[in-house]
Amino acid sequence: MAIGDITVFQNHKRRRANGQSRFDFDAGAVKVALMKNTWTPSHTLTFWSNIITNQIATGAGYAGPAPLVGSTLTAAAGVVKFDANDTTVATQDAAGFANARWAVLFHDTGTPSTSELIAWIDLGGNVGNVQGPVQLRWNAAGILTW
């Protein structure tokens, strides 16, 4: 599955700009979660607790938010890039789901009410794990650049 457009939550941008965000891309734990097709992304959202109930139900190949492994933050030629290894978010399961429409990146603090939302990813339509695993293949140019 090719990954679609990534949109940074407006509240994440605002919190970083005014110093409210405690998240450090160098040291923070970033996770990615699959969201149901009934969820509607909104720039006004700030924390994982705002959307946790819209996550795909755990079980049947989906264990919940997956950590981004091998994440790096680099700067070169005036561009800062956040990147990570491609991520398998759900394993294949014949009894799995078929209604994931979005993925969400967030900083996992261990507490949903302080786990800051970073960005949402348009999966381009409903995806599921009945026929095979759900894998996010990040762009070679990075997940986020600025």
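Trainee: How many helices and strands are in the protein?

Mentor: The protein has one helix and ten strands. Both are DSSP runs numbered from the N terminus: helices are H or I with at least four residues, strands are E with at least two. From the N terminus on, the order is β-α-β-β-β-β-β-β-β-β-β. This is a predicted model, in which local features need pLDDT of at least 70, side-chain atom pairs count only at pLDDT 80 or more, and totals for chains, interfaces and linings use all residues. Residues are numbered from 1 along each chain as its sequence is written, and side-chain values use heavy atoms, with hydrogens and water left out.

Trainee: What does the radius of gyration say about the protein?

Mentor: The radius is taken over C-alpha atoms, and the globule rule is 2.2 Å times the number of residues to the power 0.38. Here the radius of gyration is 15 Å, close to the 15 Å from the rule for 146 residues, so the protein is as compact as a globular protein of that length. Along the principal axes, the C-alpha atoms fill a box of roughly 45 × 30 × 25 Å.

Trainee: What share of the residues is buried?

Mentor: Buried means under 20% relative accessible area, exposed over 50%, and partly exposed in between, with a 1.4 Å probe and protein chains only. Buried residues make up 39% of the 146 residues. The accessible surface comes to about 7100 Å², and 50% of that belongs to carbon and sulfur atoms. These areas come from the Shrake-Rupley method with a 1.4 Å probe; for residues, only the protein chains shown count as cover.

Trainee: Now the sheets. What is the strand order in the open sheet of five strands?

Mentor: Strands of a sheet pair through backbone hydrogen bonds, either parallel or antiparallel. Two strands count as paired if DSSP finds at least two bridges between them. The five-strand open sheet has the order β1-β8-β7-β2-β3, with antiparallel pairing. Its edge strands are β1 and β3, each pairing on one side only. Three bridges join β1 to β8; Val 8 has Ala 119 of β8 as its bridge partner. Seven bridges join β2 to β7, where Lys 36 partners Ala 100 of β7. Two bridges hold β2 and β3 in antiparallel pairing, and Lys 31 partners Pro 67 of β3.

Trainee: Why is β2 called largely enclosed by the rest of the structure?

Mentor: Five of the seven residues of β2 are buried, so this strand is largely enclosed.

Trainee: Which strands form the open sheet of three strands?

Mentor: The order is β4-β5-β10, with antiparallel pairing. The edges are β4 (72-76) and β10 (144-145). Five bridges join β4 to β5, and these two strands form a hairpin with two residues between them. Ala 77 in that turn has a positive phi of about 50 degrees. Look at Lys 81 next. Lys 81 in β5 is the bridge partner of Thr 74, and Lys 81 also has Thr 145 of β10 as a bridge partner. In total, β5 (residues 79-83) and β10 pair over two bridges.

Trainee: Is Leu 144 of β10 buried or exposed?

Mentor: Leu 144 is buried, with a relative accessible area of 10%. Contact means heavy atoms within 4.5 Å. Leaving aside neighbours within four places in sequence, Leu 144 contacts Ile 6, Val 8, Phe 25, Val 80, Lys 81, Phe 82 and Ile 118. Leu 144 and Ala 119 are 25 residues apart in sequence, and their C-alpha atoms are 9.2 Å apart. Across the protein, 72% of contacts between residues at least 6 apart in sequence join residues at least 24 apart.

Trainee: How many aromatic pairs are there?

Mentor: A pair of aromatic rings is described by the distance of the centres and the angle of the planes. Rings of Phe, Tyr and Trp (its six-membered ring) pair if their centres lie within 6.5 Å; planes under 30 degrees apart are stacked, over 60 edge-to-face, and the rest tilted. The count is four aromatic pairs. In one of them, Phe 9 and Trp 120 have ring centres 5.0 Å apart and planes at 70 degrees, so the pair is edge-to-face. Phe 9 lies in the loop between β1 (6-8) and α1 (10-17) and Trp 120 in β8 (residues 117-127), so the pair ties together parts that are 111 residues apart in sequence. Both Phe 9 and Trp 120 are buried.

Trainee: Which arrangement do Trp 48 and Phe 106 show, stacked or edge-to-face?

Mentor: Their centres are 4.4 Å apart and their planes at 5 degrees, so Trp 48 and Phe 106 are stacked. Trp 48 is buried, and so is Phe 106.
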